[in-house]
Amino acid sequence: MDNNKCGLIVALDLPSLDGARDFLDRLDKATKYVKVGPRLYALGGVAFAKEIIDRGYELFLDLKLHDIPNTVASAVEPLSELGLWALTIHTSGGYEMMARSVAMRDKTGSRMKLLGITVLTSLGGELWSDVHPGCDMQQALVGRAETAQRAGLDGIVCSPLDLELLKGRAEKLLRVVPGIRAKKVSTEDQTRVATAKDAAEAGASYIVVGRPILEAADPIAAAKDILKTLGEVSH
Ligand SMILES: O=C(O)c1cc(=O)[nH]c(=O)n1[C@@H]1O[C@H](COP(=O)(O)O)[C@@H](O)[C@H]1O
């Protein structure tokens, strides 16, 4: 990625491994960043992750690990050795969980980035207060981002709507930003959304886009349109 430009990560949220293979053939590295989540990992596991990396893509494995520090760090060890570009863990697992994951990654000599989920883009309004009663979302967001930086993570995952609040805070961290829609209207399960252009202008390092590309009439043209938009915005 050009340092001044926001990169595009395509979320390969497709039903089958063959569907994902076909999509990658057609994408032809228009962007080299792709994300695999729990479904494709459940179907294809480590072999499929390696296949994507061997095709020359930078693979973001989005497993959102969240458990006690020992359990997460011990999973980070073998995952560090796959040649991934990035792996997600939850910041709400706490400082110790993140710091031990970083130490484990470093022990393996891996350059895999560890990204901390702050507050899910689906968790707006009542959905947030149901599970965090009495807790201000913005305070939680800032606390989680600052703890992630203290623990040595490489980046955070947050909503485009959080970027303004995070300006000047946890500044060393990459901002990886899902919740991207063509219009600033909540759709499907995403509630905290913005356009690709707004996210890039607000300081996203990378945006993560799934359905707006995968379900477009011409997915590759949709990905290229987003890349063009991102190319016109520099931080
Ligand atoms: O970690 C993520 O990538 C992630 C975090 C988050 O808060 N919200 C979120 O939507 N994501 C992922 O980003 C992608 C967004 O997909 P679309 O809503 O289809 O663009 C999905 O693969 C989600 O798993």
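How many bridges join strand β6 to strand β7? Select residues 155-157 for β6 and residues 174-177 for β7: three bridges join these strands, which run parallel. The model on screen is a predicted one.

**Stop 1: β6, β7 and β8**

Keep β6 and β7 displayed and pick Val157. Val157 stands opposite Val176 in β7. Now add β8, residues 206-209. β7 pairs with β8 in the parallel sense too, over two bridges. To see one facing pair, select Val177, which stands opposite Ile207 in β8. Then show residues 196-201, helix α8; with β7 and β8 this helix makes a right-handed β-α-β unit.

Just before β7 there is a backbone detail to inspect. Select Ala170, in the loop between α7 (163-166) and β7. Ala170 is not a glycine, yet has a positive phi of about 40 degrees. Most residues other than glycine have a negative phi. Is Ala170 buried or exposed? Ala170 is buried, because 21 other C-beta atoms lie within 10 Å and the cut-off for a buried residue is 20 or more.

**Stop 2: the ligand shell**

Select the ligand and the 18 residues around it. Those that come nearest are Ala11, Thr121, Pro178, Gly210 and Arg211. The elements giving two or more residues to this shell are β8, already on screen, and α9 (211-214). Colour the shell by residue class: nine residues are nonpolar, six are polar and three are charged.

**Stop 3: β3, β4 and β5**

Hide the ligand shell and select strand β4, residues 86-90. Four of the five residues in β4 are buried, so the strand is mostly covered. Which strands does β4 bridge to? On one count, three bridges join β4 to β3 (residues 58-65), and these two strands run parallel. On another, five bridges join β4 to β5 (residues 113-117), again in parallel.

Leu87 is a useful residue to centre on. In β4, Leu87 is the bridge partner of Leu61. Leu87 also stands opposite Leu114 in β5.

Next, display the helices that link these strands. From β3 the chain passes through helix α3 (residues 69-80) to reach β4, in a right-handed β-α-β crossover. Helix α4 (residues 95-108) forms a right-handed β-α-β unit with β4 and β5.

**Stop 4: the annotated active site**

An unreviewed UniProt entry lists Asp62, Lys64 and Asp67 under "active site". Select Asp62, which lies in strand β3. Asp62 counts as buried because it has 24 C-beta neighbours inside 10 Å. Leaving out residues up to four places away in sequence, Asp62 touches Lys35, Val36, Gly37 and Thr88.

Move along β3 to Lys64, which is placed in that strand as well. How many other C-beta atoms lie within 10 Å of Lys64? The count is 17, so Lys64 is partly exposed. With the same sequence neighbours left out, Lys64 touches Thr88, His90 and Ile117. Thr88 therefore appears in the contact lists of both Asp62 and Lys64.

**Stop 5: a second positive phi**

Select Lys29, in the loop between α1 (17-27) and β2 (33-36). Lys29 is not a glycine, but has a positive phi of about 60 degrees. Lys29 counts as exposed because 12 C-beta neighbours lie inside 10 Å, and 12 or fewer is the cut-off for that class.

**Stop 6: the annotated domain and a long separation**

Select residues 7-226, which the unreviewed UniProt entry lists as "domain: Orotidine 5'-phosphate decarboxylase". The end C-alpha atoms of this span are 10 Å apart. Helix accounts for 45% of the span and strand for 17%.

To finish, return to helix α3 and select Asn70, which is found there. Asn70 is exposed because 11 other C-beta atoms lie within 10 Å. Draw a distance from the C-alpha atom of Asn70 to that of Ala200: the two are separated by 36 Å and are 130 residues apart along the chain.

Conventions
Residues numbered from 1 in each chain as written. Predicted model: local features only at pLDDT ≥ 70, side-chain atom pairs only at ≥ 80, totals over all residues. Near = placed C-beta within 6 Å. Nonpolar A, V, L, I, M, F, W, Y, C, P; charged D, E, K, R; others polar. Pairing = 2+ DSSP bridges. Right-handed = clockwise from strand over helix to strand, strands pointing away. UniProt positions renumbered as here; feature names shortened; annotations may be inferred. Contact = placed C-beta atoms within 7 Å.
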